[in-house]
Amino acid sequence: MKIYLKEWKLQEMNFSIIKSDERKEDMFDMKTSQGFPIGDKKSFNLLFEVKIRDIDFDMSMSMLAIFGLDEEITEEFKVSDFPKINAPAIAFPYLRALISNITLQAGFKPVMLPSINFV
């Protein structure tokens, strides 16, 4: 079975500058969820939902990664490690680069997300 990242898209983003000297620490939270479209038996979706609290801003975003397969998805595949561990590990660098670039282009110190072990 061949599996590949077909595309990724930013779904939603909110960015708010914080004008307060009280915030002293950063926060990063991320959740992932998988979806299997009913009409397409050879692809699945992975949704990243991210919240970042920086000293200077708050950011939240969701990014969708769409994976394709050369065979139809089975129930065994749906409960395997690939959708929950391998797929996030493949798509995460795109999310990481997107966040770094957005914060840099917005005039802030670029946010460099940590490496994540999805196991």
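These notes go through the predicted model from the whole chain down to three single residues.

1. Overall make-up. The protein chain contains 2 helices and 4 strands, and, read from the N terminus on, these elements follow the order β-β-β-β-α-α. The C-alpha atoms fill a box of roughly 55 × 25 × 20 Å when this is taken along the principal axes.

2. Burial and surface. Of the 119 residues in the protein chain, 32% count as buried. The accessible surface amounts to about 7500 Å², and carbon and sulfur atoms hold 50% of that area, a figure to keep in mind when the surface of the model is examined.

3. Contacts and charge. Among the contacts in the protein chain with a separation of 6 or more, 68% are between residues 24 or more positions apart. As for charge, there are 15 positive and 18 negative side chains, and the centres of these two sets lie 2 Å apart.

4. Strand pairing. Strand β2, which covers residues 27–35, runs antiparallel to strand β3, residues 43–53, and 9 bridges join the two. Strand β3 is also joined to strand β4, residues 57–69, by 11 bridges, and this pair likewise runs antiparallel; the link between β3 and β4 is a hairpin through 3 residues. Two residue pairs can serve as landmarks for the register: Lys 31 stands opposite Glu 49 in β3, while Leu 46 has Ala 65 in β4 as its bridge partner.

5. Lys 31. This residue belongs to strand β2, and its relative accessible area is 51%; since exposed means over 50%, Lys 31 is classed as exposed. Once residues up to four places away in sequence are set aside, Lys 31 touches Leu 47, Phe 48 and Glu 49, and Glu 49 is also the residue in β3 that Lys 31 stands opposite. Leu 10 lies 21 residues from Lys 31 along the chain, and the C-alpha atoms of the two are separated by 15 Å.

6. Leu 5. Strand β1, residues 3–17, contains Leu 5, whose relative accessible area of 23% makes it partly exposed. Not counting residues up to four places away in sequence, Leu 5 touches Ala 65, Ile 66, Phe 67 and Tyr 94; of these, Ala 65 is the bridge partner of Leu 46 noted above. Leu 5 and Ala 106 are 101 residues apart in sequence, and the distance between them is 28 Å, C-alpha to C-alpha.

7. Thr 103. This residue sits in helix α2, which spans residues 81–105, and with a relative accessible area of 0% it is buried. The Thr 103 side chain reaches the backbone oxygen of Ser 100 at 3.1 Å, and because a polar contact calls for N or O atoms within 3.5 Å, this distance falls inside the cut-off. Leaving aside its neighbours within four places in sequence, Thr 103 is in contact with Phe 15, Phe 57, Met 59, Phe 108, Lys 109, Pro 110 and Val 111.

8. The three residues side by side. For a reader who wishes to check the classes against the structure, Thr 103 is buried, Leu 5 is partly exposed and Lys 31 is exposed. Their places in the chain are helix α2 for Thr 103, strand β1 for Leu 5 and strand β2 for Lys 31.

Definitions and conventions
Residues are numbered from 1 along each chain as its sequence is written. This is a predicted model: local features need pLDDT of at least 70, side-chain atom pairs count only at pLDDT 80 or more; totals for chains, interfaces and linings use all residues. Side-chain values use heavy atoms; hydrogens and water are left out. Buried means under 20% relative accessible area, exposed over 50%, partly exposed in between (1.4 Å probe, protein chains only). A polar contact is a pair of N or O atoms within 3.5 Å; within protein, one must be able to donate a hydrogen and the other to accept it, and residues adjacent in sequence count only if both atoms are side-chain atoms. Contact means heavy atoms within 4.5 Å. Accessible areas come from the Shrake-Rupley method with a 1.4 Å probe; for residues, only the protein chains shown count as cover. Lys and Arg count as positive and Asp and Glu as negative; His and the chain ends are not counted. The place of a charge is taken as NZ of Lys, CZ of Arg, CG of Asp or CD of Glu. Two strands pair if DSSP finds at least two bridges between them.
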